[in-house]
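Here is a short report on one lysine and on how the nonpolar residues group. Have the sequence and the 3D view open while reading.

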Amino acid sequence: MVLRTILLGVCAVVAVCGNPAVRIGSLPPKCSSQNLTGQALHVKPSNYSVAIFIHVNGGWWTKPCCDSPQKQISSTGNWTCDITTGEIDEQADRIAAFLLPAACDVSLAAGDSSIPGNPGTSAVATANVTR
């Protein structure tokens, strides 16, 4: 599928060509309560979402929370996630982002030793960072 970019004033339609990718754009430093931001590339944003997990104190946690396990992607491909909704989340040493079809259900993590449900098998792209 190829969708060309069209610029009309300040609006832009995201181009869909190339391999799907998810990028972490702004990685908050450890001990910070800043939001994690990123971008989904080469996909139609309305058809995808991003699932974020953090590893803190030996376990993986769904972010921003279990009630909202997937982040919507804006029409420009950008996404933002509050990864510090728990008491010690600022200490997270690893962060994983999965670009998933919007219809995918995400297994919830609450201190699990590994990310449950293996979202990597459904993901069209992943990003992992250590801090």
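The report takes the lysine site, then the nonpolar cores. The model is predicted.

**The lysine site**

Lys63 lies in strand β6, which spans residues 59–63. Is Lys63 buried or exposed? Its relative accessibility is 5%, under the 20% limit, so Lys63 counts as buried. Two polar contacts involve its side chain, one to Thr85 and one to Asp89.

| Side-chain pair | Polar contact distance |
|---|---|
| Lys63 and Thr85 | 2.7 Å |
| Lys63 and Asp89 | 2.5 Å |

Thr85 and Asp89 also appear among the residues in contact with Lys63, once neighbours within four places in sequence are left aside. That list further includes Ile52, Ile54, Ser68 and Pro69. Cys81, Asp82, Ile83 and Gly86 are in contact with Lys63 as well.

**The nonpolar cores**

The largest nonpolar core has 20 residues. Val22, Val50, Ile52, Trp79 and Leu99 have the most contacts inside it. Which elements give two or more residues to this core? They are β3 (21–26), β4 (36–41), β5 (48–56), β8 (78–81), β9 (94–101) and β11 (125–130). Strand β5 supplies the largest share, five residues.

Ile52 links the two topics: it has a place among the core residues with the most contacts, and Lys63 is in contact with it.

Leu99 touches Pro20, Ala21 and Val22, among others, not counting residues up to four places away in sequence. Its partners also include Tyr48, Ser49, Val50, Ala123, Val124 and Ala125.

A second, separate core has ten residues. Among them are Ala51, Trp60, Ala109 and Ile115.

Technical notes. Residues numbered from 1 in each chain as written. Predicted model: local features only at pLDDT ≥ 70, side-chain atom pairs only at ≥ 80, totals over all residues. Heavy atoms only, no water. Helix = DSSP H or I, 4+ residues; strand = E, 2+ residues; numbered from the N terminus. Buried < 20%, exposed > 50% of the residue type's maximum accessible area, 1.4 Å probe, protein only. Polar contact = N/O pair within 3.5 Å; in protein donor to acceptor, adjacent residues only side chain to side chain. Contact = heavy atoms within 4.5 Å. Core = buried A, V, L, I, M, F, W, Y, C linked by side-chain atoms within 4.5 Å.
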